[in-house]
Amino acid sequence: MDVEAAKHAAGEAAAALVEDGMRVGLGTGSTARWFIIALGRRIDAGLRASGVATSYATQRLAEEHSIPLHELTRSGLDLAVDGADQVDAALNVVKGGGGALVREKIVAGAARRFVVIVDESKSVTHLSGPLPVELLGFGVEHTLGALEATGARFFLREAPDGSLEHSENGNLLADGLYPAISDPHALADALAALPGVVDHGLFLGMAERVLVGRDDGTVEDRTR
Ligand code: 5RP
């Protein structure tokens with residue numbers, strides 16, 4: 001399977017949704033990259049649109065592709081487009097594999113429309129681990145214990161040199177290895193209630209549309 005072709009197809013389809021004058025949330029990761037490149041091409045061809053980046057990598061990519069960037073303001077965004085690690089049939093999503101989940105959730109939540117772009121390998125019947133979470137460093141061992149009481153082993157992410165990985169917000173990242181997430185809403189509520197958890201990678205009821213790219217270049221359009 002040509003995963004890159006599938007990601008490319010989904011990114012191109014999402015870029016076609018951007019209308020003149022829109023303010024757009026720009027996601028992070030290898031699928032969002034194709035969206036940003038395609039949007040940059042449309043801007044070069046005369047489309048007026050601007051973006052809010054969800055990570056420094058996305059900021060750099062958007063700058064390379066002539067997408068004007070701005071801060072997130074109170075008026076929010078018209079559209080946000082981002083990749084995902086898993087998507088279920090109800091368009092619930094697990095995100096954060098790239099460690100940008102907090103900014104990604106702020107940007108998706110600020111957008112009137114949130115569109116997720118994936119290749120077919122991300123489509124699942126039921127969500128499961130690894131579920132990314134962002135954690136405050138203070139008291140992290142206690143927070144990990146509280147997280148594990150929700151039904152999964154949690155592991156702090158490490159950088160290649162063995163040091164603990166930090167998000168761009170300066171916090172720690174961990175992944176919960178849930179064998180299955182039978183009630184995503186109950187789990188999201190439980191995680192959000194834990195002191196020390198900045199946010200988690202369950203994006204529930206946020207995506208209005210999921211574009212699933214296939215390696216033959218076609219795109220399945222799933223709408224809620
Ligand atoms: C980053 C994310 C990414 O969108 C997610 O990990 C998917 O990445 P990719 O498109 O590279 O598979 O949530 O925090």
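Reader: How far from an oxygen atom of the ligand does a polar side-chain atom of Asp82 lie?

Author: This is a predicted model, and side-chain atom pairs count only at pLDDT 80 or more. A polar contact needs N or O atoms within 3.5 Å. The polar side-chain atom of Asp82 meets that limit, with its distance to a ligand oxygen atom at 3.4 Å.

Reader: Which residue has a backbone N or O atom 3.4 Å from an oxygen atom of the ligand?

Author: Here the contact comes from the backbone. A ligand oxygen atom sits 3.4 Å from a backbone N or O atom of Gly83.

Reader: How many Å separate a polar side-chain atom of Thr31 from an oxygen atom of the ligand?

Author: Thr31 is one of the residues that come nearest to the ligand, along with Ser30, Asp85, Gly96 and Lys122. Its contact runs from a polar side-chain atom to a ligand oxygen atom. The distance is 2.6 Å.

Reader: What share of the ligand's exposed area does the protein bury?

Author: There are 17 residues around the ligand. Alone, the ligand exposes 370 Å². The protein buries a share of that equal to 90%.

Reader: Which helix gives the most to the lining of the largest pocket?

Author: The largest pocket has a volume of about 270 Å³. Strand E2 (49–53), helix H3 (56–64) and helix H4 (101–110) each give two or more residues to its lining. The top contributor, with three residues, is H4.

Reader: Which class has seven residues in the lining of the largest pocket?

Author: The lining includes Val52, Ala53, Leu69, Ile106 and Val107. Arg103 and Glu71 also line this pocket. By class there are two charged and three polar residues, and the seven are nonpolar.

Reader: What volume does the second largest pocket have?

Author: This pocket is lined by 17 residues, and those nearest its centre are Thr28, Gly29, Ala84, Asp85 and Gly98. Its space comes to about 160 Å³.

Reader: Which helix gives the most to the lining of the second largest pocket?

Author: By class, this lining has nine polar, five charged and three nonpolar residues. One helix gives three residues, the most of any element. That helix spans residues 30–44 and is H2.

Reader: Which residue in E11 is the bridge partner of Val94?

Author: Start with the open sheet, which has three strands in the order E4-E5-E11 with antiparallel pairing. Its edge strands, E4 (86–87) and E11 (202–203), each pair on one side only. Strand E5 (residues 93–94) pairs with E11 over two bridges. Across from Val94, the partner is Leu202.

Reader: Which residue does a cis peptide bond join to Gly129?

Author: Most peptide bonds are trans. This one is cis, with omega about 0°. The partner lies in the loop between strand E6 (111–119) and strand E7 (131–135). Gly129 is joined to Pro130.

Reader: What value is phi of Ser66 near?

Author: Most residues other than glycine have a negative phi. Ser66 lies in the loop between H3 and strand E3 (77–82). Ser66 is not a glycine, yet its phi is positive, near 60°.

Technical notes:
Residues are numbered from 1 along each chain as its sequence is written. This is a predicted model: local features need pLDDT of at least 70, side-chain atom pairs count only at pLDDT 80 or more; totals for chains, interfaces and linings use all residues. Side-chain values use heavy atoms; hydrogens and water are left out. Two strands pair if DSSP finds at least two bridges between them. Helices (H or I, at least four residues) and strands (E, at least two) are DSSP runs, numbered from the N terminus. On a 1 Å grid over the protein atoms alone, a cavity is a set of points where a 1.4 Å probe fits but cannot get out, and a pocket is an open set with protein on both sides within 12 Å along at least five of seven lines; lining residues have an atom within 4 Å of a point. Grid points are joined across faces, edges and corners, and a volume is the space filled by probe spheres set on the points. Ala, Val, Leu, Ile, Met, Phe, Trp, Tyr, Cys and Pro count as nonpolar, Asp, Glu, Lys and Arg as charged, and the others, Gly among them, as polar. A residue is near a molecule or strand if one of its heavy atoms lies within 4 Å of it. A polar contact is a pair of N or O atoms within 3.5 Å; within protein, one must be able to donate a hydrogen and the other to accept it, and residues adjacent in sequence count only if both atoms are side-chain atoms. Accessible areas come from the Shrake-Rupley method with a 1.4 Å probe; for residues, only the protein chains shown count as cover.
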